[in-house]
Amino acid sequence: MTRPAAAPGTKHTPGEARRKLAAPTVAMLPRIADSLSFLYMDIVRIHQDDTGVCAMVTSEQRGTETIYLPTAALSCVLLGPGTSITARALATLARHGTTVVITESGGVRTYAAALPDSLTTTWLEHQTRAWADDNKRLSVATRMYEKRFGTGTVPPATSLAQLRGLEGQRVKANYRLLARQYRIGRFRRAYDPTSWDTQDPVNLALSSANTCLYGIVHAAILALGCSPALGYIHNGNQQAFVYDIADLYKAELTIPLAFSLHNSSDPEAEARRSFRNGLRLFKLLPRIVADIQELLAPGPERDVPDPEEQLVDLWDPVTGPVPGGVNHATDS
């Protein structure tokens, strides 16, 4: 086999050629749809050593153990009480595009999140255009409802208030059906952090599973470069879009799971474990990414540039994007 000839006027040593071939490109970076789901940790110390990011777990029975985390493959890390993390470890998670969420015990309430940088603003631009136009915003909300309950379930010219009413009826009917199926009598959804321990197992399991779902959805939204705050149904909260997207999957994933744990002695922990184990079966992350893209730019509206070409452009009201990193001064 003959070696290809170099371009005229160029000379590469074997070492330079290998480095050039091995140099990573934007298109080679891991995709959020290929990531694992989430990891919940509490009462651990997370730090960075020469090998990678690791968690130090101490117990009376087994002493101190060091567990290395698959940072490049994790989409979301939930840190519960008793967790400490070093700046180096946090920086590594951010570079790998992993969302770090600070939660209450069991991951049932979100306090804060450390957000990774995104590669592009393409989907943020789609999101803001649809959000800022009332007609387009209602269209996105309608598509969300139809994704949950089936195409053709929304009559023409349905208002947002009517959509909320239709959703409420469907959710209550789902609760009644599952309550009869598991023979637990009448069920009423409740979320009250001030009296957490007095709630029934179904509500505890549902709150725990929903928080895990919110973390995964939040990670997918950030990886696409969208804003978690610009919701189409929910409003006035930094998690509004997270709640919009998470609602697409609750009737299929978290609600049936919660009802199945109505006799559990530890519904919060079981809900997290069962939900995590089922995510691979449902292939949730690829679904979230595809659903967000279809909601924000359905069919013909979608125009996504090649990842190698969407680094930094300049805005021009006449010609559209113009190349960045170029001196645009006229020759004199």
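This section describes a sheet, two individual residues and a pair of packed helices in a predicted model.

The sheet is open and consists of four strands, arranged in the order E4-E3-E2-E6 with mixed pairing. Its edges are formed by strand E4, which spans residues 63–68, and strand E6, which spans residues 84–85; each of these pairs on one side only. In general, the strands of a sheet pair through backbone hydrogen bonds, in either a parallel or an antiparallel sense. Strand E2, comprising residues 45–48, pairs with E6 in the parallel sense, and two bridges connect them. Within this pairing, arginine 45 is found opposite serine 84 of E6. The sheet is also accompanied by a helix: H2, residues 87–95, lies across E2, E6 and strand E3 (53–59). The direction of H2 makes an angle of about 75° with that of E2.

Leucine 138 is located in helix H4, which covers residues 134–149. Its relative accessible area is 29%, and leucine 138 is therefore classed as partly exposed, since this class lies between the limits of 20% and 50%. When residues up to four places away in sequence are set aside, leucine 138 touches Thr158, Ser159, Leu160 and Leu163. For one of these partners, threonine 158, the separation from leucine 138 is 20 residues in sequence, while the C-alpha to C-alpha distance is 9.1 Å.

Aspartate 247 belongs to helix H7, residues 240–250. With a relative accessible area of 10%, aspartate 247 is buried, because the class requires a value under 20%. The side chain of aspartate 247 is joined to that of lysine 250 by a polar contact of 3.0 Å. Residues up to four places away in sequence again being left out, aspartate 247 touches Arg148, Glu167 and His234.

Helix H7 also packs against another helix. Two packed helices are described by the angle between their axes and by the distance between those axes. For H7 and helix H10 (residues 284–296), the angle is about 115° and the axes are 11 Å apart. The crossing of H7 with H10 is right-handed. On the H7 side, the contact involves Phe241, Ile245, Leu248 and Tyr249. These residues meet Leu284, Arg287, Ile288, Asp291, Ile292, Leu295 and Leu296 of H10. Classified by type, the residues of this contact comprise nine nonpolar and two charged members, with no polar ones.

Methods. Residues are numbered from 1 along each chain as its sequence is written. This is a predicted model: local features need pLDDT of at least 70, side-chain atom pairs count only at pLDDT 80 or more; totals for chains, interfaces and linings use all residues. Side-chain values use heavy atoms; hydrogens and water are left out. Two strands pair if DSSP finds at least two bridges between them. Contact means heavy atoms within 4.5 Å. Axes are lines fitted to C-alpha atoms, for helices over the stretch in contact, and angles run from 0 to 180 degrees between N-to-C directions. Buried means under 20% relative accessible area, exposed over 50%, partly exposed in between (1.4 Å probe, protein chains only). A polar contact is a pair of N or O atoms within 3.5 Å; within protein, one must be able to donate a hydrogen and the other to accept it, and residues adjacent in sequence count only if both atoms are side-chain atoms. A crossing is left-handed if the near helix is turned anticlockwise from the far one by less than a right angle, and right-handed if clockwise. Ala, Val, Leu, Ile, Met, Phe, Trp, Tyr, Cys and Pro count as nonpolar, Asp, Glu, Lys and Arg as charged, and the others, Gly among them, as polar.
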